[in-house]
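Okay, thanks for coming, everyone. I'd like to talk through some salt bridges and one helix pair, so let me get the picture up.

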Amino acid sequence: MSWYESRLGQGARFGDSPAPFLLFPEVYAALDPGHAVAAWDESTGELIGVCFVHPRATHVAVGIVATAPEAQGRGVARAMLEPVIEAAKARGLPLRLVSSLMNLDSFSLYSRLGFVAHTIYQDLTLTVPASGLAGAAPVEARRVRRVTEVAEAVRLAAFEREWQGIEREQDYVFFLRNEIGAWRVWMLEDASGALEGFIVASHHPSCVMLGPGVARDEAVAAALLWSALDAMRGLSPVFLVPNAAAQLVRTCYGWGARNLELHAAQTLGPVAAASGIAFPTFLPETG
Ligand SMILES: CC(C)(COP(=O)(O)OP(=O)(O)OC[C@H]1O[C@@H](n2cnc3c(N)ncnc32)[C@H](O)[C@@H]1OP(=O)(O)O)[C@@H](O)C(=O)NCCC(=O)NCCS
């Protein structure tokens with residue numbers, strides 16, 4: 001919050017109280033207990049840094065990373081990240097994160113540590129009218145349905161492994177159990193019942209956001225986005241769309257979406273061969 005206010009004059013985006021952000025450590029503690037790194041100032045005992053880590057079978061995701069404003073520029077973030085990088089290397093796994101392209105402090109921190117940016121995402125937002133999204137729904141939207149069965153996590157994880165080269169079934173079990181936060185999961189199947197894409201939506205007031213999700217093509221991605229957004233009437237969700245998905249981005253503009261920020265997927269280690277459309281999120285950080 002203070003970084004966005006001091007650097008971009010956009011602190012108001014995050015409100016005036018830290019209380020709503022407790023959702024983030026609550027989700028991280030439930031998903032990845034014992035995997036956060038913290039830094040304390042030895043002389044004052046004050047917490048001066050946090051780095052949340054999400055180890056998965058195929059990779060280690062990192063984020064959120066933050067250093068207290070008064071402790072920045074002293075190597076705190078680097079000191080927190082180095083053991084995380086060593087542990088991932090020892091397991092032979094790449095590290096993944098999404099980093100704001102409007103935040104050179106974090107971009108260069110990761111870049112100096114060896115992360116390479118490879119995919120640009122546009123952070124988009126729109127306020128969904130109380131009467132629903134304007135205009136005609138994409139044709140494929142009639143095949144989108146809400147999923148609530150926890151057993152479906154296996155299929156979502158297998159689909160992401162096939163299209164994006166990463167696997168994180170525990171995240172989908174967590175979203176579908178829906179015990180912490182407020183999650184909805186949407187999927188689109190073809191006529192034979194084969195999965196063509198899915199998207200998770202966080203309806204919690206502390207994080208109104210779409211993602212993670214994967215779609216096999218832009219038409220499926222548009223249908224999933226439309227359905228998930230239309231169910232957020234009166235809210236202003238944020239969602240990340242690959243910059244390379246040019247038609248999809250223009251479709252979102254047509255619904256009233258505006259650019260809010262830019263993020264880059266940064267990876268340390270081999271970049272997984274990926275196809276289709278990915279929707280990253282910050283909760284939990286995906287990359
Ligand atoms: C990003 C952030 C975590 C960095 O924390 P920090 O403790 O100040 O970072 P460190 O001091 O460990 O390291 C910063 C590194 O980036 C380098 N750096 C900073 N700005 C740079 C620039 N413009 N160009 C090149 N290098 C730069 C520093 O020299 C340092 O490198 P070094 O260790 O090799 O000297 C901190 O600014 C922060 O909390 N920002 C707000 C929250 C945030 O943006 N989090 C990241 C997104 S989740």
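Let's start with Arg78, which counts as partly exposed because its relative accessibility is 35%. Keep in mind that this is a predicted model. Arg78 has a partner: its side chain meets that of Glu82 in a salt bridge, 2.9 Å from N to O. Both sit in helix α3, residues 76–90, and they are four residues apart, so about one helical turn separates them. And Glu82? At a relative accessible area of 36%, Glu82 is partly exposed too.

So that's a pairing within one helix. If you search the whole structure, you find 12 salt bridges, and I've picked a couple of others to show you.

Next up is Arg145, which forms a salt bridge with Glu189, with the closest N and O atoms 3.2 Å apart. Here the pair links distant parts of the chain: Arg145 is in strand β6, residues 144–147, while Glu189 is in strand β7, residues 183–189, and the two positions lie 44 residues apart in sequence numbering. Are these two buried or exposed? Arg145 is partly exposed, at 31% relative accessible area, whereas Glu189 is buried, at 17%; the cut-off for buried is under 20%. This pair also has company, since salt bridges with shared partners join Arg145, Glu152, Arg155 and Glu189 into one network.

Now the one I like to show last. The side chains of Asp171 and Arg56 meet in a salt bridge, 2.7 Å from N to O. Asp171 belongs to helix α6 and Arg56 to the loop between β2 (47–55) and β3 (60–67), so this bridge ties together parts that are 115 residues apart in sequence. Asp171 counts as buried, at 3% relative accessibility, and Arg56 is buried as well, also at 3%.

Asp171 also brings us to the helix pair. Helix α2, residues 23–31, and helix α6, residues 169–177, have axes that come within 11 Å and cross at roughly 120 degrees. That angle makes α2 oblique to α6, and the crossing is right-handed. Which residues make the contact? On the α2 side they are Val27, Ala30 and Leu31, and on the α6 side Gln170, Asp171 and Phe174. By type, the contact residues divide into four nonpolar, one polar and one charged. So Asp171 turns up twice: in the contact with α2 and in the salt bridge with Arg56.

That's what I had, happy to go back to any of it.

Technical notes:
Residues are numbered from 1 along each chain as its sequence is written. This is a predicted model: local features need pLDDT of at least 70, side-chain atom pairs count only at pLDDT 80 or more; totals for chains, interfaces and linings use all residues. Side-chain values use heavy atoms; hydrogens and water are left out. Axes are lines fitted to C-alpha atoms, for helices over the stretch in contact, and angles run from 0 to 180 degrees between N-to-C directions. Angles under 35 degrees count as roughly parallel, over 145 as roughly antiparallel, 65 to 115 as roughly perpendicular and the rest as oblique. A crossing is left-handed if the near helix is turned anticlockwise from the far one by less than a right angle, and right-handed if clockwise. Contact means heavy atoms within 4.5 Å. Ala, Val, Leu, Ile, Met, Phe, Trp, Tyr, Cys and Pro count as nonpolar, Asp, Glu, Lys and Arg as charged, and the others, Gly among them, as polar. A salt bridge is a side-chain nitrogen of Lys or Arg within 4 Å of a carboxyl oxygen of Asp or Glu. Buried means under 20% relative accessible area, exposed over 50%, partly exposed in between (1.4 Å probe, protein chains only).
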